[in-house]
2 protein chains.
Amino acid sequence: MADERRPTTRTLASEAYDLIQEEIRTGRYRPGERLRFATLQALCVMSVTPVREALARLTAEGFTTLDDHRGYSVAVLSIEELRDLTANRKLLEGEALRLSVEHGDADWEGRLVAAHHMLARIPQARDDIPSALRVEWEDKHRAFHATLISGCGSPILIELCGKLFSRADRYRRMSASLTGGRDVVGEHRAIFDAALARDAPAAADLLRQHYQQTADALERFFVEPS
Amino acid sequence: MADERRPTTRTLASEAYDLIQEEIRTGRYRPGERLRFATLQALCVMSVTPVREALARLTAEGFTTLDDHRGYSVAVLSIEELRDLTANRKLLEGEALRLSVEHGDADWEGRLVAAHHMLARIPQARDDIPSALRVEWEDKHRAFHATLISGCGSPILIELCGKLFSRADRYRRMSASLTGGRDVVGEHRAIFDAALARDAPAAADLLRQHYQQTADALERFFVEPS
DNA sequence: TCGCCCCGGATTTTCGAAAATCCACGAATA
DNA sequence: TATTCGTGGATTTTCGAAAATCCGGGGCGA
């Protein structure tokens with residue numbers, strides 16, 4: 001008697017969260033930009049309440065900041081934060097991968113093989129390739145890294161790594177060309193091989209190098225934006 | 001012309017956050033208990049909107065959980081989470097303290113001496129001591145641990161450690177007697193001494209032991225609640 | 001001229017009620 | 001008897017507007 005619309009099973013707040021996060025991650029809302037409720041209500045098509053809840057969640061994840069009585073803004077990006085982010089991702093994901101390789105069972109191995117295959121079969125995103133492929137690659141990339149650490153046995157560690165990954169995403173997308181002349185595919189393959197070979201220290205080391213190189217490339221882009 | 005009440009500079013949502021967190025940490029709201037808005041609105045004296053925002057923040061910090069259309073509940077406690085929490089605190093705070101000891105400047109040293117002094121001068125909380133002292137000790141305890149890692153130079157790491165500390169707080173308070181027959185004051189002093197002596201590995205090790213022993217004591221209490 | 005206070009518009013924050021959704025209970029059917 | 005299907009009430013979620021707050025500019029006094 002009360003469903004003249006869609007079979008909504010999600011809340012509007014969740015939809016607003018996805019929408020706004022997408023706008024921020026893709027850079028349509030610039031770092032530091034003030035987020036006014038009127039604008040956001042126009043973007044999503046809803047009242048202020050769910051938008052407010054979405055912003056509360058985004059703030060908890062570090063995408064936005066809140067000053068009392070002054071509203072929300074897009075969190076600013078800085079080289080300092082990029083370095084800090086990288087250092088902590090190396091610490092957390094390095095440890096998580098080590099645990100995964102040590103404790104991961106057969107099911108984890110299977111999922112890892114699948115995730116790597118999905119990532120490897122997609123041609124590396126280039127500037128001249130339409131964004132559809134790009135988005136797909138991003139998804140598989142995220143899934144691969146998530147699968148890598150999914151066997152570590154620590155829900156908290158997995159959650160923390162996920163949040164840091166999301167925060168780093170904004171920096172990653174800043175650079176138009178994801179690869180800075182390096183062999184990203186090869187790096188992923190090396191990590192994958194070490195993990196399957198159950199060489200925990202090597203896998204962790206490779207992952208840390210991988211993140212450091214990504215950060216270095218981004219930092220170069222940061223200083224001299226070509 | 002419009003301040004017949006208090007000089008409110010904070011938002012009601014922030015007040016609600018503090019109030020509800022206090023209720024949860026002290027155990028007045030039990031783990032797993034459903035949190036109904038009607039009840040919370042009675043506790044805080046405000047409308048549903050700020051309460052909702054407070055719950056959103058609490059959920060981000062792990063105090064509560066949210067199921068769409070089924071509302072919020074107090075997050076449950078479990079031995080598994082205690083162990084997970086402990087493992088990650090050892091990893092994160094251990095590293096943070098190591099960095100602090102290595103990079104901390106004179107200002108950090110000064111703050112650390114002060115924080116330890118404040119903690120040490122308060123008599124160790126016992127069951128027969130009124131809760132006022134207890135609360136004060138908790139505050140100084142938190143401040144001491146926060147100061148320990150405050151020189152690490154990584155805002156992200158500090159933030160993560162803070163969140164884990166808060167989550168662990170609920171477990172710590174479960175046990176009526178904070179000390180399980182061990183020398184907590186001595187443990188703090190040992191960490192303090194190693195930090196001041198600039199022995200980073202030793203300080204980190206002692207801190208990790210400290211957390212492990214706390215967790216072990218709590219786990220014993222968990223299994224056989226006397 | 002400079003600094004301080006106060007006002008008006010823009011924006012956030014909060015309210016109280018309406019709408020949507022879930023849950024438990026009981027009736028009807030096989 | 002077991003299972004499915006509504007139905008009513010409790011609860012969450014959302015709305016639209018009112019209240020509170022902040023920011024910038026103009027006027028007043030030193």
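How many of the 226 residues of chain A count as buried, in percent? The figure is 46%. Keep in mind during this tour that the model is predicted.

**Stop 1: chain A**

Select chain A and show it as a cartoon. Its secondary structure comes to nine helices and three strands. Follow the chain from the N terminus, and the elements come in the order α-β-α-α-β-β-α-α-α-α-α-α. Now show contacts within chain A. Among those with a separation of 6 or more, 74% join residues 24 or more positions apart.

**Stop 2: where chain A meets chain B**

Add chain B to the selection. Here 30 residues of chain A are in contact with 30 residues of chain B. The two chains bury about 2,300 Å² between them, and carbon and sulfur atoms account for 57% of that area. Next, pick out E53(A), L91(A) and I156(A). These three supply 23% of the area that chain A buries against chain B, more than any other three residues.

**Stop 3: DNA strand C**

Select DNA strand C together with the residues around it. There are 22 such residues, and the closest are R52(A), H69(A), L12(B), S47(B) and R70(B). By class, the surface near strand C has eight nonpolar, seven polar and seven charged residues.

Which elements supply at least two residues each of the surface near DNA strand C? In chain A they are β1 (34-35) and α3 (48-60). In chain B they are α1 (12-25) and α3 (48-60).

Look at which part of the strand faces the protein. Sugar or phosphate makes up 79% of the strand C atoms within 4 Å of the protein, and bases make up the rest. Three distances to phosphate oxygens of strand C can be checked in turn:

- R52(A): an N or O atom in the side chain is 2.5 Å from a phosphate oxygen.
- R70(B): an N or O atom in the side chain is 2.8 Å from a phosphate oxygen.
- F37(A): a polar backbone atom is 3.2 Å from a phosphate oxygen.

**Stop 4: DNA strand D**

Move to DNA strand D. It is surrounded by 21 residues, with L12(A), S47(A), R70(A), R52(B) and H69(B) the closest. The surface near strand D divides into eight nonpolar, seven polar and six charged residues. From chain A, α1 (12-25) and α3 each supply at least two residues of this surface, as do β1 (34-35) and α3 from chain B.

Of the strand D atoms within 4 Å of the protein, 77% belong to sugar or phosphate, and the others belong to bases. Show R70(A): a polar atom of its side chain lies 2.8 Å from a phosphate oxygen of strand D. Then show F37(B), where a backbone N or O atom lies 3.3 Å from a phosphate oxygen of the strand. Finally, show T49(A). An N or O atom in the side chain of T49(A) is 3.2 Å from a base nitrogen of strand D.

**Stop 5: the cysteines**

A disulfide is a covalent bond between the sulfur atoms of two cysteines. How many disulfides does the structure hold over all chains? It holds zero.

Select C161(B) and C152(B) to see one case. The closest cysteine sulfur to that of C161(B) is in C152(B), 7.2 Å away, so the two are too far apart for a bond. The cut-off for a disulfide is 2.5 Å between the sulfur atoms.

Is C161(B) buried or exposed? C161(B) is buried, because its relative accessible area is 2%, and a residue counts as buried under 20%. End at C44(A), which is also buried, with a relative accessibility of 1%.

Definitions and conventions:
Residues numbered from 1 in each chain as written. Chains lettered and ligands numbered in written order. Predicted model: local features only at pLDDT ≥ 70, side-chain atom pairs only at ≥ 80, totals over all residues. Heavy atoms only, no water. Buried < 20%, exposed > 50% of the residue type's maximum accessible area, 1.4 Å probe, protein only. Near = heavy atom within 4 Å. Polar contact = N/O pair within 3.5 Å; in protein donor to acceptor, adjacent residues only side chain to side chain. Helix = DSSP H or I, 4+ residues; strand = E, 2+ residues; numbered from the N terminus. Nonpolar A, V, L, I, M, F, W, Y, C, P; charged D, E, K, R; others polar. Contact = heavy atoms within 4.5 Å. Buried area = accessible area lost by both parts, 1.4 Å probe.
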